[in-house]
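Trainee: Can we go through this one by asking what earns each label?
Mentor: Yes. Bring your questions.
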Amino acid sequence: MHLARFPRYRLAHLPTPLEPMPRLSAHLGGPELWIKRDDCTGLASGGNKTRKLEFLIAEALAAGAETVMTHGAVQSNHARQTAAAAARVGLKCHLLLEERIATNDPNYNENGNVFLDLLHGATLEHRPPGLDMNAELEAVAEMRRGAGENVFTIPGGGSNPTGALGYVNCAMELLSQANDRGLVIDRIVHATGSAGTQAGMVTGLKMLNADIPLLGIGVRAPKEVQEGNVFKLASATAEKLGHPGIVAREDVVANTDYVGEGYGIPTPGTIEAIELFARMEGILLDPVYSGKGAAGLIDLIRKGTYKAGERIVFLHTGGSVGLFGYTAKFDYHARTA
């Protein structure tokens, strides 16, 4: 697995830290918890998309692009990191933001990731919910190409075989860190949405023969759809690497019990998880992805699914900027003296 064969533009601060969470582990009274800090990738406050963008931006530059385009929800971490990556390499960036959550909250619509999109120089278009956003993206790109602009499109979440290479690389990095410190990892848990992170991780773990179960805590789609999306992308990623068929369908496991009312709508468990990580470990989660992933992990520990003696790594996918779009969900103004 020689990733140097693929074009890559270094954007991330790597390797990201692998840290123990002793206070949270003691509080929950279950397994020994560790965290892989992909909130610390560095670009525009960090997050998992930066690993993907290293390979995607390299493709854009190789194609002679002058503009990159992608899409996401209004408070998209991927959109924010794409805007920052484009600024870093001198490309224009145009974003299509899907209004998946009906709200007039100005913090959600104008603060957090949206503010940083604009700060990095991106231009924005909005779309109502329920559209085929990849089709919308290509339609706008084709219109611009017709006007003579060289546009490179990136799918939502950066989730294609090229983007997934970033998490094949993360699997290699994590195993190297664990081996160096003699840490036997029993399980890896993370939030899964557009499928690229989980697809890359499961492909990398299989190619390394790591024998570590990987669980994605879903944030949007039903279980069958989520697992199907991840497996399809993992299969394509393995083929890109020259190892077709290395990922079996049973290697892809998602738990979608923690989606709640829908994408981007925090559950009470999400809010609790964000507060526990902040107050026990000084770590910021986000309300859409890592918060729901952590809520699932905490609940599974409390149910006894994960037990004392196990060592579990929570892969933190970042997104804390999104907290500033969700301040109303915490209602802290009512708690001040």
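Mentor: Note that this is a predicted model. Start at the N-terminal end of α6.

Trainee: What makes D132 a cap of α6?

Mentor: A side-chain oxygen of D132 lies 3.2 Å from the backbone nitrogen of N134. The cut-off for a polar contact is 3.5 Å, so the pair qualifies. D132 thus caps the N-terminal end of α6.

Trainee: How do you know what span to expect for helix α6?

Mentor: Helix α6 covers residues 133-146, 14 residues in total. The expected span is 1.5 Å times one less than the number of residues. That gives 20 Å, and α6 reaches 20 Å from its first C-alpha to its last, close to expectation.

Trainee: Which residues of α6 are buried?

Mentor: M133, L137, V140 and A141.

Trainee: Why say that they line one face of the helix?

Mentor: Look down the axis of α6. The buried residues fall within an arc of 100 degrees, so they line one face. In general, an α-helix has 3.6 residues a turn, so residues three or four places apart point the same way.

Trainee: What do the buried residues of α6 pack against?

Mentor: Four strands: β3 (67-73), β4 (92-98), β5 (123-127) and β6 (151-153). On the other side of α6, M143 and G146 are exposed. After α6 comes G148, with a positive phi near 95 degrees.

Trainee: Why is V74 called buried?

Mentor: Its relative accessibility is 1%. Buried means under 20%, so V74 counts as buried. V74 sits in the loop between β3 and α3 (77-89).

Trainee: Which residues is V74 in contact with, leaving aside its neighbours within four places in sequence?

Mentor: L97, E98, E99, Y108, N109, V114 and H126. As for G157, it is 83 residues from V74 in sequence and 13 Å away in space, C-alpha to C-alpha.

Trainee: Is E275 buried or exposed?

Mentor: Buried. E275 has 16% relative accessibility, and the cut-off is under 20%, so the label holds. E275 is found in helix α10 (residues 268-281).

Trainee: What makes the pairing of E275 with Y332 a polar contact?

Mentor: The side chains of E275 and Y332 are 2.6 Å apart at that contact. The cut-off is 3.5 Å, so the distance test is met.

Trainee: How do you know that Q198 is buried?

Mentor: Q198 has a relative accessible area of 1%, under the 20% cut-off, so Q198 is buried. Q198 lies in helix α8 (residues 196-207). Beyond its neighbours within four places in sequence, its contacts include H190, T192, L214 and V253.

Definitions and conventions. Residues are numbered from 1 along each chain as its sequence is written. This is a predicted model: local features need pLDDT of at least 70, side-chain atom pairs count only at pLDDT 80 or more; totals for chains, interfaces and linings use all residues. Side-chain values use heavy atoms; hydrogens and water are left out. Helices (H or I, at least four residues) and strands (E, at least two) are DSSP runs, numbered from the N terminus. Buried means under 20% relative accessible area, exposed over 50%, partly exposed in between (1.4 Å probe, protein chains only). The arc is that of the directions from the helix axis to the C-beta atoms. Contact means heavy atoms within 4.5 Å. A polar contact is a pair of N or O atoms within 3.5 Å; within protein, one must be able to donate a hydrogen and the other to accept it, and residues adjacent in sequence count only if both atoms are side-chain atoms.
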